[in-house]
Amino acid sequence: SDIQLLSTVANQIAPMIENVRLYEAAQQEIEQRKVAEVAIRRSEERFRTLFEATLEGIAIVRDDVILEVNHALLGIFGYASQELIGRRLSRLVAGEVSLEGVPREAIGLRRDGTAVDIEVAGKRYLFQGEEVTVVALRDIAQRKRDEAENKMLQRQLQHSAKMEAIGRLSAGVAHDFNNCLLAIFGYSDLLLERYGEDPFIARNLAGLKEAGQRAAALTKQLLAFARRQPMEARVLNLNGVVAGLEKMLHRLLGEDIHLASELHPEIGKVRLDPGQIEQVIVNLAVNARHAMSNGGRLTLRTTPLLVTAEEPAPHSDVPPGEYVLLAVNDTGIGMDAATQARVFEPFFSTKGEGTGLGLATAYGIVRQSGGSIFVNSAPGQGACFSIYLPVSRDVEILRGGAVPGASDRGSETILLVEDEEEVRAVLHQILIRKGYRVLQAGSGEEALVVSRLHRGDVHLLLTDVTMPEMKGPELARRLRAERPATRVVFMSGYNDERLSDGGPDSPVCLQKPFSPQLLGETVRGVLDAAEDLRAAG
């Protein structure tokens, strides 16, 4: 019947439909698997890209055995990938690896056997169903070098600041001391002038002045360290200075120390005070002699040196420019780092004798001359003092001074300005005794008031350079605006670098302490020169 036929057909079709359903389900599962595989592959590609692109060295480790590494890690240690897979991490990194993700500094061992500073941290993860440790490593050698350089620069800055502070203190002490010495010398000369025929008084006053001269020499050393020693700089060839000292240095060093000079014939000229640079060389030679008590060799070497950004000097503090390098090498006992750090400090000495100002003075003179000085040494390896002096293209400019052989007496009016009362008092006595009429003031403002109240001429202004509120050069400028004919003589316990012109004539500066005779000759010479100028006009 039809019903039976339909039933038979249905029974036959049902398995076919089930097969189609199963086939479609299988196809869907295959498609889903393909999608999953693509997603997994893309995920793995992203992981591999990030794994290889990161700048950190990464190793995947299980039980200290390396399973996987990236290119950054290979670059740190210098291995190929196949050389590290299966190798123990502890063979590369010294010490335990933190599993808390906290980095620590460690030492790594490169393939060539050299050590490298690294930073390492680790953390546990599940990787492909297994628990592993992901270790991150970073090469910090450059950072360590930068930190070391920054520390060195910081120490140099602190040392420079300390030296500057000591220099300012030394200059202040020397300035005040020079004022005291000026008063001592002035009163001594006044007493000698009146009681010089008495042998006892004359002998004791001479002893007093001799002691004062020794004290004045000490203040010069302090001012040299502070870079405020009066300079008479001129353009010169350093080879000539070194060669001129050889005979004296031979006597100074003795027969058991060999002196050698290696002077480059083509060095540039430098602008220096020849007497001061001679003092620097002698001080370094004396220091070397003490370091070579059993004999040795002292070498003086000059070399031309061009410092550029591309080719810096061996000492980083030297700015770009053209230099003459003076190197003073000895074969003595050398110095440790602690001694080198203090070697230019005043009153620091390892010899147990002397003032400890020799190298401090050398430091001050070189710095005042626009140069730099450094020391390199090690115990048992001698010492090398390197002095960089900038090459000068200047021509020498001569400044005014006392006229040799001039009279020291006169009758003109002098405005004396000095903030130290006892110095002003002794200068007033000296000038009065030489015949001058003297107006006095203790400051710049007071001097201007005294000048305005005085109805006659003020032929000469004799003023200290460094005073509170108004400096000597500023006083000279303002006074000459009101009295153009007034001539100016400065006095200074430092040097004349702070001076501006006291007028069309070159400023004259008396360096304290000075003698009554030099004061009289200088004042007389300046006044006579002004008279000659008026007569010629």
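The following exchange asks how particular descriptions of this predicted model are justified.

Reader: What confidence does the predictor give to the protein, and which elements have the lowest and the highest mean pLDDT?
Author: The mean pLDDT of the protein is 80, and 76% of its residues reach 70 or more. Among the elements, helix 1 (residues 2–53) has the lowest mean pLDDT, at 65, whereas strand 13 (residues 413–417) has the highest, at 95. Over residues 395–405 the pLDDT is below 50, although this stretch has 18 contacts in the model beyond near neighbours in sequence. The pLDDT is also below 50 over residues 500–505, a stretch with 12 such contacts. Where pLDDT is low, the predicted coordinates should not be read in detail.

Reader: Why is Glu119 called buried and Arg138 partly exposed?
Author: Buried means under 20% relative accessible area, and partly exposed covers the range from there up to 50%. Glu119 has 16% relative accessibility and therefore counts as buried, while Arg138, at 37%, counts as partly exposed.

Reader: What makes Glu119 and Arg138 a salt bridge, and which parts of the chain does the pair tie together?
Author: The closest N and O atoms of Glu119 and Arg138 are 3.4 Å apart, and the cut-off for such a pair is 4 Å, so the criterion is met. Glu119 lies in strand 4 (residues 115–127) and Arg138 in strand 5 (residues 130–139), so the salt bridge ties together parts that are 19 residues apart in sequence. A search of the whole structure finds 17 salt bridges, and a network of them links Glu56, Glu105, Glu119, Arg138, Arg143, Lys144 and Glu147.

Reader: Why are Glu147 and Arg143 said to be separated by about one helical turn?
Author: Both belong to helix 4 (residues 141–195) and are four residues apart there, which means a separation of about one helical turn. Their closest N and O atoms are 3.6 Å apart, and the two form a salt bridge. Glu147 counts as partly exposed at 32% relative accessibility, and Arg143 is partly exposed with a relative accessible area of 31%.

Reader: How do you know that the salt bridge of Arg478 with Glu445 links distant parts of the chain?
Author: Arg478 lies in helix 12 (residues 472–482) and Glu445 in helix 11 (residues 444–453), 33 residues apart. The closest N and O atoms of this salt bridge are 3.6 Å apart. Arg478 is partly exposed, with a relative accessible area of 28%, and Glu445 counts as partly exposed at 40% relative accessibility.

Reader: What makes helix 9 mostly covered?
Author: Nine of the 11 residues of helix 9 (residues 358–368) are buried, among them Leu359, Tyr363 and Gln368. Just after helix 9, Gly370 takes a positive phi of about 90°.

Reader: Why is strand 11 described as largely enclosed, and how does it pair with strand 12?
Author: Five of the six residues of strand 11 (residues 372–377) are buried, so the strand is largely enclosed by the rest of the structure. Strand 11 pairs with strand 12 (residues 383–390) in the antiparallel sense over six bridges, and in strand 12 the bridge partner of Asn376 is Cys384. The two strands form a hairpin with five residues between them, and Gly380 in the turn has a positive phi of about 80°.

Reader: Why is the pair of Phe344 and Tyr363 called tilted, and that of Phe374 and Tyr388 edge-to-face?
Author: Planes under 30 degrees apart count as stacked, over 60 as edge-to-face and the rest as tilted. The planes of Phe344 and Tyr363 stand at 35°, with the ring centres 5.4 Å apart, so the pair is tilted. Both residues are buried. The pair of Phe374 and Tyr388 is edge-to-face, with 80° between the planes and 5.9 Å centre to centre. Phe374 lies in strand 11 and Tyr388 in strand 12, so this pair ties together parts that are 14 residues apart in sequence. Phe374 is buried with a relative accessible area of 16%, and Tyr388 counts as buried at 1%. Together with Tyr323, Phe374 and Tyr388 form one aromatic cluster.

How values were computed. Residues are numbered from 1 along each chain as its sequence is written. This is a predicted model: local features need pLDDT of at least 70, side-chain atom pairs count only at pLDDT 80 or more; totals for chains, interfaces and linings use all residues. Side-chain values use heavy atoms; hydrogens and water are left out. pLDDT is the predictor's confidence in each residue, from 0 to 100. Contact means heavy atoms within 4.5 Å. Buried means under 20% relative accessible area, exposed over 50%, partly exposed in between (1.4 Å probe, protein chains only). A salt bridge is a side-chain nitrogen of Lys or Arg within 4 Å of a carboxyl oxygen of Asp or Glu. Two strands pair if DSSP finds at least two bridges between them. Rings of Phe, Tyr and Trp (its six-membered ring) pair if their centres lie within 6.5 Å; planes under 30 degrees apart count as stacked, over 60 as edge-to-face and the rest as tilted.
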